[in-house]
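Subject: Structure handover

Hello,

Here is the structure for you to pick up. My notes on what turned up follow below it.

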Amino acid sequence: MAQQSPLLSVHPSSCLVDEEIQVQVEHLHADSKITLHTLIHSDDGDDWEAFGHYTSDSSGTVKVSRDKSLGGTFEGVEPMGLLWSMRPVPESKPGRRFWKKNVETPVKVVITVHEGHLAKGFKHHTPLTSASVERWYLAVGIQRVDVTEGGIKGTLFIPAGPGPFPAVLDLCGGHGGRVEYRSALLASHGYVSLALEYLGFLNAAGKLDHVDNTYIETAFSVLKKHPKVCCDKVAMMGMSFGVPVTLEMTAHSEIIQPKCVVCLSGSHIIPHNGSLADVYAALQQNIDKLRYDEKMRIIWRDLLLPIPDDLSKKVEMGKIKCPVLFIVGEDDQNCPSSESAADMKKMMEKAGNSHLLTLLSYPGTGHLIEPPYSPHSRFTDFKLLEAKTKVMVLWGGETVPHSRAQEDSWNKTLTFLEEHLYDSSRDMTRF
């Protein structure tokens, strides 16, 4: 009887980016050495790849969820290693970062099976078989709406269904512009989410024009008043530069009173009643603390160290009245998030509200904590908004522990939001 051609199956073939996939190869000879290879062409035009070396079992089958990778970009039993271990192909420019800029299109992953254990030159080899997978940030039926009400700029993502839904005001980090992928994914899990553009505005002179606190308050109010939003179930989420703004507004604003707060890779260092401009000013005052690693990649974390003892220079954490989830990468080379978390905890213990703080701290994890299975970037190029020049920035983290942290922290973020934004008596709609 003739040997059947190898069969590659991937399930599901279309799903959200935070869902696991099952990859299996059948109809191989027993004990066949193969390489499974994945390739993504990003929105920036970069190619990212990962690969694992496998040996089929006695029935001629390889199951990625069961079998060990014997080498490649990951090793061991790693059901999602073909995604989280992705890296730019060897001929890429250094310092690439994986961005999903257009959330209305999927991340298309091409999976190929190659004979033998290969480590390079995949495009020059004809695969035994191939398959493709579409991974989405937007679930079916999610509305994407540009928002300009009240002078703000942002994108609103609204889940399918009659609503009303809990909501999240999403403040991403120092890259500037409008970053939508996390908000899109939150909407896919049942939250109206507003991806707010709040950094990177330049005035006529080409200088940074920082938004004031009224801008953030307006955004919160616009979200809260939307007819599809439960007005008493609105959260805030901040990453990097978004963290001090989120915490300061939560502590002191009469308008912004979130039901809960999620913070990633940030600090509480901002003057009382301060704004984004004050955070930048604090960094500029300490510019002499800028460091470089052995490859001349910028390390920014020292610019906010030591954590000030002066209470007027940091968020008055004792005034926080809602649950806070604070996520820390212990190898964050961009921000002193570990030191900030320790000080925040101390301040809240003294004030008697430490029961509101949930701290997740991950060894070997850097600054760029993304949704699950996203490629890890230890360093990337970074565009300085005023100078309009690019520098190479060290973010930190090691691929394996960082990837574990991304999966764990995202799952715990969803659990945290569900606990505080959805009634325990009500089943949460999953997409």
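By class, 27 nonpolar, 10 polar and 2 charged residues make up the lining of the largest pocket. Keep in mind that this is a predicted model.

More on that pocket. Its space comes to about 850 Å³. In total, 39 residues line the largest pocket, and the closest to its centre are Phe241, Tyr280, Leu283, Trp300 and Phe382. Helix α5, residues 276–285, gives the most to the lining, with 4 residues.

Next, the sheets. One is an open sheet of 6 strands, in the order β2-β9-β8-β4-β5-β7. Its pairing is mixed. The edges are held by β2 (14–16) and β7. Each has a single partner strand, so one side of each is left without a neighbour in the sheet. Inside this sheet, β4 (residues 33–41) and β8 run antiparallel and are joined by 7 bridges. One bridge pairs Ile40 with Val109 in β8.

Another open sheet has 3 strands, ordered β1-β3-β6. Here the pairing is antiparallel. The edge strands are β1 (7–11) and β6 (62–63), and each pairs on one side only. Strand β3 (residues 22–26) is joined to β6 by 2 bridges. In β6, Val62 is the bridge partner of Val25. As a general reminder, strands of a sheet pair through backbone hydrogen bonds, either parallel or antiparallel.

Now the aromatics. A search of the whole structure finds 9 aromatic pairs. Among them is Trp48 with Phe98, an edge-to-face pair. The two rings are 5.9 Å apart, centre to centre, with 85 degrees between the planes. This pair links distant parts of the chain, 50 residues apart. Trp48 sits in strand β5 (residues 47–55), while Phe98 is in the loop between β7 (87–88) and β8 (107–115). Are these residues buried or exposed? Both Trp48 and Phe98 are buried.

There is also an aromatic cluster, formed by Trp99, Tyr137 and Tyr181. Trp99 has a charged neighbour too: Arg97 lies over the face of Trp99, at 4.0 Å from the ring centre. A second arginine, Arg297, lies over the face of Phe379. In that case the distance to the ring centre is 4.3 Å.

That is the handover.

Best wishes

Technical notes: Residues are numbered from 1 along each chain as its sequence is written. This is a predicted model: local features need pLDDT of at least 70, side-chain atom pairs count only at pLDDT 80 or more; totals for chains, interfaces and linings use all residues. Side-chain values use heavy atoms; hydrogens and water are left out. On a 1 Å grid over the protein atoms alone, a cavity is a set of points where a 1.4 Å probe fits but cannot get out, and a pocket is an open set with protein on both sides within 12 Å along at least five of seven lines; lining residues have an atom within 4 Å of a point. Grid points are joined across faces, edges and corners, and a volume is the space filled by probe spheres set on the points. Ala, Val, Leu, Ile, Met, Phe, Trp, Tyr, Cys and Pro count as nonpolar, Asp, Glu, Lys and Arg as charged, and the others, Gly among them, as polar. Two strands pair if DSSP finds at least two bridges between them. Rings of Phe, Tyr and Trp (its six-membered ring) pair if their centres lie within 6.5 Å; planes under 30 degrees apart count as stacked, over 60 as edge-to-face and the rest as tilted. Buried means under 20% relative accessible area, exposed over 50%, partly exposed in between (1.4 Å probe, protein chains only). A charge sits over a ring if NZ of Lys or CZ of Arg is within 6 Å of the ring centre and within 35 degrees of the ring normal.
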